[in-house]
Amino acid sequence: MASDAPHIVHIPYGRGSLELDLGRVPGARIIEGEIATAQPSDTGEALVRRALEEPIGTPRLAELARAARSVVIVTSDHTRAMPSGTTMPLLLEEIRAGNPNADITVLVATGLHRAMTEEEQRARFGDDIVERERIVMHDAFDESAYVDMGTLPSGACFFVDRLVTTCDLLVTEGFIEPHFFAGFSGGRKSILPGVCSERTVKENHSYRAIAHERARSGTLEGNPIHQDMVEAAARVGVSFILNVALNGDKQIIGAWAGDVEQAHAAGTRFVGSLTGRPVEAADIVITGNGGYPLDQNLYQSPKAASTAAAYAGSDGIIILCCACADGMGSVNFAKLMQMGTPADIDAYLSAIPADQTIPDQWSAQVYARILDKHRLILVADGLTPDLVRACNMIPAASLDEALALARDIKGKDARVVVIPDGVNVVPAL
């Protein structure tokens, strides 16, 4: 919804929020996807159970599990807000209802991220699952762990974790939100980039792929990144998925299970209907990256910046609020962000062949595209002011300071738009 701003606006930030007093900013507007405030029609457990009982395009998981001696469940890592404490026990229950003796492995789809710590696993899955189930961390950098499955539609290579190719039943879980170059998260994304090799992930995230005009938030049709992901999931034979949608309080508000494409499509229609919003041009756009874990480092945070850029016209100022408790988030990303001007960064990345893509370069590419047109003021407790400046951004110690800096540049009568959670708004261009 879009509405006149209330006196206090809460921007998700880390494990809490930042308060912004907009009472003195005439005409300020709030733009939120309805998903932020959507209320669940039932408990999360009930919604998930219903989805598992009424799968889309497949038999029930219990039936699929009857003849399966080995089962792999691919799940999200610590950088995603997946409510596995609710979903994983229900998946395990459903599988064992069909086959009590199934050999089950929980494979954490880390992509190119680090492995989860034991503390993070316990927080995500609960003590019982950590202590009783076999949990394996995907390692994108262990070449011995991969199977070569040919070439994807884009021409990218396809090397995938052997575990997902040798099991009798492959199940994935995830959650669906707008994704700023894959269209939406969830579904096929559990496989690519989730459990693919470093080389495959890099080619999927190459400069050319990220620069494609259809590689945008909320766009699936004609999106080459999405097309490769769909093919990857089909080729390894994903038998069953469970995907959920979350509101701003991380409550489950929808769940879909069954066929990897059909169930995911149903979920994206639901999420798309609650996140698409008309663009209102502004001089200053204030946003956050959804709070923890989505704003735990700068590498993860161009998602909200991309949304803000769509509302910032040709030269509007973006104020990005990201706690960055883990700092920059990637050595490669940190080096690229500090190598020169946004134009320097883009020129350097555009010359890199797809098969030589630098890990995490996509994030620097997106930031360079944004920073080439917009000044970006960053509120981030986890980064020093000097480091923020080295990344071609303007540091601010607080949200109030950031707004004051922006108004000094754009004037006190500047049009202000606030997008509290930029991850969950899709600009309707």
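Which residues of helix α13 (residues 342-350) are buried? The legends below take up this question and then turn to other parts of the structure, which is a predicted model.

**Figure 1. The buried face of helix α13.** In helix α13 (residues 342-350), the buried residues are P342, I345 and L349. Viewed along the axis of α13, these residues fall within an arc of 65°, and they therefore line one face of the helix. An α-helix has 3.6 residues a turn, so residues three or four places apart point the same way. The buried residues of α13 pack against three helices, namely α8 (207-211), α12 (331-337) and α14 (361-371).

**Figure 2. Helix α14 and its surroundings.** Helix α14 is mostly covered, with 10 of its 11 residues buried. The buried residues are Q361, W362, S363, A364, Q365, V366, Y367, A368, I370 and L371. Among the elements that cover them are the helices α8, α11, α12 and α13. The strands β17 (317-321) and β18 (376-379) also contribute to this cover.

**Figure 3. The aromatic pair Y299 and F333.** A search of the whole structure yields 7 aromatic pairs. In the pair formed by Y299 and F333, the ring centres are 5.9 Å apart and the planes meet at 65°; the pair is therefore edge-to-face. Y299 belongs to the loop between β16 (284-288) and α11 (302-311), whereas F333 belongs to helix α12, so the pair ties together parts that are 34 residues apart in sequence. Are Y299 and F333 buried or exposed? Both Y299 and F333 are buried.

**Figure 4. An aromatic cluster and an arginine over a ring.** Ring pairs join F180, F181, Y299, F333, W362 and Y367 into a cluster. Of these residues, W362 and Y367 are also among the buried residues of α14. In a separate view, R15 is placed over the face of Y292, at 3.8 Å from the ring centre.

**Figure 5. The surroundings of S301.** S301 is located in the loop between β16 and α11. Its relative accessible area is 0%, which means that S301 is buried. Which residues does S301 contact, leaving aside its neighbours within four places in sequence? These contacts are N289, L294, D295, L320, C322 and Y367. F240, by contrast, is 61 residues from S301 in sequence and 30 Å from S301 in space, C-alpha to C-alpha.

**Figure 6. The largest cavity.** The structure contains 3 cavities of 30 Å³ or more. The largest cavity has a volume of about 470 Å³. Its lining comprises 35 residues, and those nearest its centre are R80, H113, K189, P193 and G194. The elements that contribute two or more residues to this lining are β5 (70-76), β10 (169-175), α7 (198-204) and α14. Strand β10 provides the largest share, 3 residues.

**Figure 7. The second largest pocket.** The second largest pocket holds about 380 Å³ of space. It is lined by 19 residues, of which P12, G248, D249, K250 and G290 are the closest to its centre. The strands β2 (8-13) and β3 (16-21) each give at least two residues to the lining of this pocket. Which element supplies the largest share of that lining? The largest share comes from β2, with 3 residues.

How values were computed: Residues are numbered from 1 along each chain as its sequence is written. This is a predicted model: local features need pLDDT of at least 70, side-chain atom pairs count only at pLDDT 80 or more; totals for chains, interfaces and linings use all residues. Side-chain values use heavy atoms; hydrogens and water are left out. Buried means under 20% relative accessible area, exposed over 50%, partly exposed in between (1.4 Å probe, protein chains only). Helices (H or I, at least four residues) and strands (E, at least two) are DSSP runs, numbered from the N terminus. The arc is that of the directions from the helix axis to the C-beta atoms. Contact means heavy atoms within 4.5 Å. Rings of Phe, Tyr and Trp (its six-membered ring) pair if their centres lie within 6.5 Å; planes under 30 degrees apart count as stacked, over 60 as edge-to-face and the rest as tilted. A charge sits over a ring if NZ of Lys or CZ of Arg is within 6 Å of the ring centre and within 35 degrees of the ring normal. On a 1 Å grid over the protein atoms alone, a cavity is a set of points where a 1.4 Å probe fits but cannot get out, and a pocket is an open set with protein on both sides within 12 Å along at least five of seven lines; lining residues have an atom within 4 Å of a point. Grid points are joined across faces, edges and corners, and a volume is the space filled by probe spheres set on the points.
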